[in-house]
Amino acid sequence: MASAPTSQYNSRSLENESIKRTSRDGVSWDLSEALPRLPGETRITDKEVIYICPFNGPIKGRVYITNYRLYLRSLEMDSALILDVPLGVISRIEKMGGATSRGENSYGLDITCKDMRNLRFALKQEGHSRRDMFEILTRYAFPLAHSLPIFAFLNEEKFDVDGWMVYNPVEEYRRQVLSWIHPENKTVIVRCSQPLVGMSGKRNKDDEKYLDVIRETNRQISKLTIYDARPNVNAVANKATGGGYESDDAYHNTELFFLDIHNIHVMRESLKKVKDIVYPNVEESHWLSSLESTHWLEHIKLILTGAIQVADKVSSGKSSVLVHCSDGWDRTAQLTSLAMLMLDSFYRSIEGFEILVQKEWISFGHKFASRIGHGDKNHADADRSPIFLQFIDCVWQMSKQFPTAFEFNERFLMTILDHLYSCRFGTFLYNCESARERQKVTERTVSLWSLINSNKDTFKNPFYTKEINRVLYPVASMRHLELWVNYYIRWNPRIKQQQPNPVEQRYMELLALRDEYIKRLEELQLANSAKLSDPSTSPSSPSQLLPHVQTQF
């Protein structure tokens, strides 16, 4: 399911039930219906298929396709399998086999997803039975290629909270490149893109003066620290295309450090290798060497190490910091947002984190459309890259090391990632603010924060302890980093999911019990009020004359 952090296999059959059910992300539906539907979601077609399950073999089922999701229900008595896949998650759809293909279940469709899984469906070979399913899936999974709207513009969901009101650019006002100011020592985190010096070593006096002005905002600082996220060799190579880095002779009173974080192409290939080792099978005998060969945790380590350096320099008051990579919207966003998370406890709250994402990622122009490919069929686009996923992974690593420091839980992070792809909400659509304004995204779509902030208890960490002015310094050592199993390997039912902490589970049970008692108390008070206001009813016992008691929980 879109935001469920557990396996997609249901433990019991859902057939013949007529009760209402609410999923973890707030979708309600009648289980007597064949499939759940959101307001604005329309059913397109359904077809009987064989799902080639990589874990349990072929399973006969019926697949339903809407303008939002692909939904499979098992038709076999001994299987309660349900697949619920938002079409936005689909990266590629390929035809499997041909009309003359031999062998059982050799003819059908192969679907590659963006969330670490693949789906394979076999159909009957006669009569081109897969053609309509292929065409419909292609049409609605990649609406931009067929002049159709992304589902977020059709979604008619209503929530108690308007998530678009979370972020107010005026209240969060900063200069266009200023991310954060230390409240005491007044050092700052500033972000930008690389200087355009080129091979000829061009200079820009205004830019040089501007950096000196940033340094001079704190009179006690002799030098401005510049963190270039790139490896040194890449920064030098960028000179050939008109880019480059700050040289000592042009930018006086600065010190430059390279953080060795690789580019979007290296990160894309690294995630592909992670998928190869986690789906569909995990090879236990070579797990550690296989994981090491992906270099994924090595990249996570370098990103965290860079952010720690930024946070430490600012927290100590030694220097203000300028952060950039090549363009300023990928590695730069990772570093500034993680440093702010380490420095400022406000951003560790649920709404604070939402504001952090809105400000440092969305408003500053991370190219979500290019990196994720919302509604776009070009799965091989060189601009695709898991930059935002790496950021969320780093946040998860921090939450593991500081389990009481964050108001939100793991489900919160996984829900954000699931809806990064789903196209159910408008939050992550498009590359920049001007494109979002042209499409009137805040008027025509629902915000992901509406869903989350209307169901906050679901996403709260029961161990959260609010602390002001505490700076977090995670240990960015390979010995302290681990693969996020509940996210990357959640689709494999043979890998035991990390169950919720028993204390956390008990806490949630007590919350539910509290809500039940409050509801009963309100019902009793209403009934009692009705009796007291009825003149024909005289109190028969002293207890009826007692004032109302408001119980605090």
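Author: Let's start with a rule: a charge sits over a ring if NZ of Lys or CZ of Arg is within 6 Å of the ring centre and within 35 degrees of the ring normal. Keep in mind that you're looking at a predicted model.

Reader: Okay, so which ring does Lys95 lie over?

Author: Lys95 lies over the face of Phe134, and the distance to the ring centre is 4.7 Å. You can try the rule on an arginine too: Arg191 lies over the face of Phe364, at 4.1 Å from the ring centre.

Reader: What about rings with other rings? How many aromatic pairs are there in the whole structure?

Author: A search of the whole structure turns up 25 aromatic pairs. Take Tyr51 and Phe121: their ring centres are 5.7 Å apart, with 45° between the planes, and the pair is tilted. For the label, planes under 30 degrees apart count as stacked and over 60 as edge-to-face, so the rest are tilted.

Reader: Where in the chain do Tyr51 and Phe121 lie?

Author: Tyr51 is in strand β3 (residues 43-53) and Phe121 in strand β9 (residues 118-122), so to speak two distant parts of the chain, 70 residues apart.

Reader: Is Tyr51 buried or exposed?

Author: The idea is to look at relative accessible area, where buried means under 20%. Tyr51 has 0%, so Tyr51 is buried. Phe121 is also at 0% and counts as buried.

Reader: Which parts of the chain does the pair of Phe159 and Phe425 tie together?

Author: This pair is tilted, at 6.5 Å centre to centre and 45° between the planes. Phe159 lies in the loop between α1 (131-141) and β10 (178-181), and Phe425 in the loop between α11 (410-422) and α12 (433-438), so the pair ties together parts that are 266 residues apart in sequence. Phe159 is partly exposed, at 21% relative accessible area, while Phe425 counts as buried at 2%.

Reader: Which residues do ring pairs link into a cluster?

Author: Among them are Phe353, Trp361, Phe368, Phe388 and Trp449. Try finding these in the structure above.

Reader: Now the backbone. What is the general picture for phi and peptide bonds?

Author: Most residues other than glycine have a negative phi, and most peptide bonds are trans. Now for the cases that go the other way. Asp260 isn't a glycine, yet its phi is positive, at about 65°. Asp260 sits in the loop between β13 (254-258) and α4, and at 39% relative accessibility Asp260 counts as partly exposed.

Reader: Where does His295 lie?

Author: His295 lies in the loop between α5 and α6 (296-315). Its phi is positive too, about 65°, although His295 is not a glycine. With a relative accessible area of 37%, His295 is partly exposed.

Reader: And which residues does a cis peptide bond join?

Author: Tyr279 and Pro280, with omega about 0°. Pro280 is in the loop between α4 (264-278) and α5 (287-294).

Reader: Let's do a helix. What does the side chain of Arg215 make a polar contact with?

Author: The side chain of Asp212, at 2.9 Å. Arg215 is found in helix α2 (residues 205-216) and is buried, with a relative accessible area of 12%.

Reader: Last one: which residues make a nonpolar surface patch?

Author: Leu510, Leu513 and Tyr517 make a patch of about 260 Å². A patch residue needs over 30% relative accessible area. Leu513 is at 35%, so Leu513 counts as partly exposed; you'll find Leu513 in helix α16 (residues 502-533).

Conventions:
Residues numbered from 1 in each chain as written. Predicted model: local features only at pLDDT ≥ 70, side-chain atom pairs only at ≥ 80, totals over all residues. Heavy atoms only, no water. Patch = residues over 30% accessible without salt bridge, like charges linked within 9 Å, V, L, I, M, F, W, Y side chains within 5 Å. Areas by Shrake-Rupley, 256 points an atom, 1.4 Å probe, with all protein chains shown as cover. Salt bridge = Lys/Arg side-chain N within 4 Å of Asp/Glu carboxyl O. Helix = DSSP H or I, 4+ residues; strand = E, 2+ residues; numbered from the N terminus. Buried < 20%, exposed > 50% of the residue type's maximum accessible area, 1.4 Å probe, protein only. Phe/Tyr/Trp six-rings, centres within 6.5 Å; stacked < 30°, edge-to-face > 60°. Polar contact = N/O pair within 3.5 Å; in protein donor to acceptor, adjacent residues only side chain to side chain.
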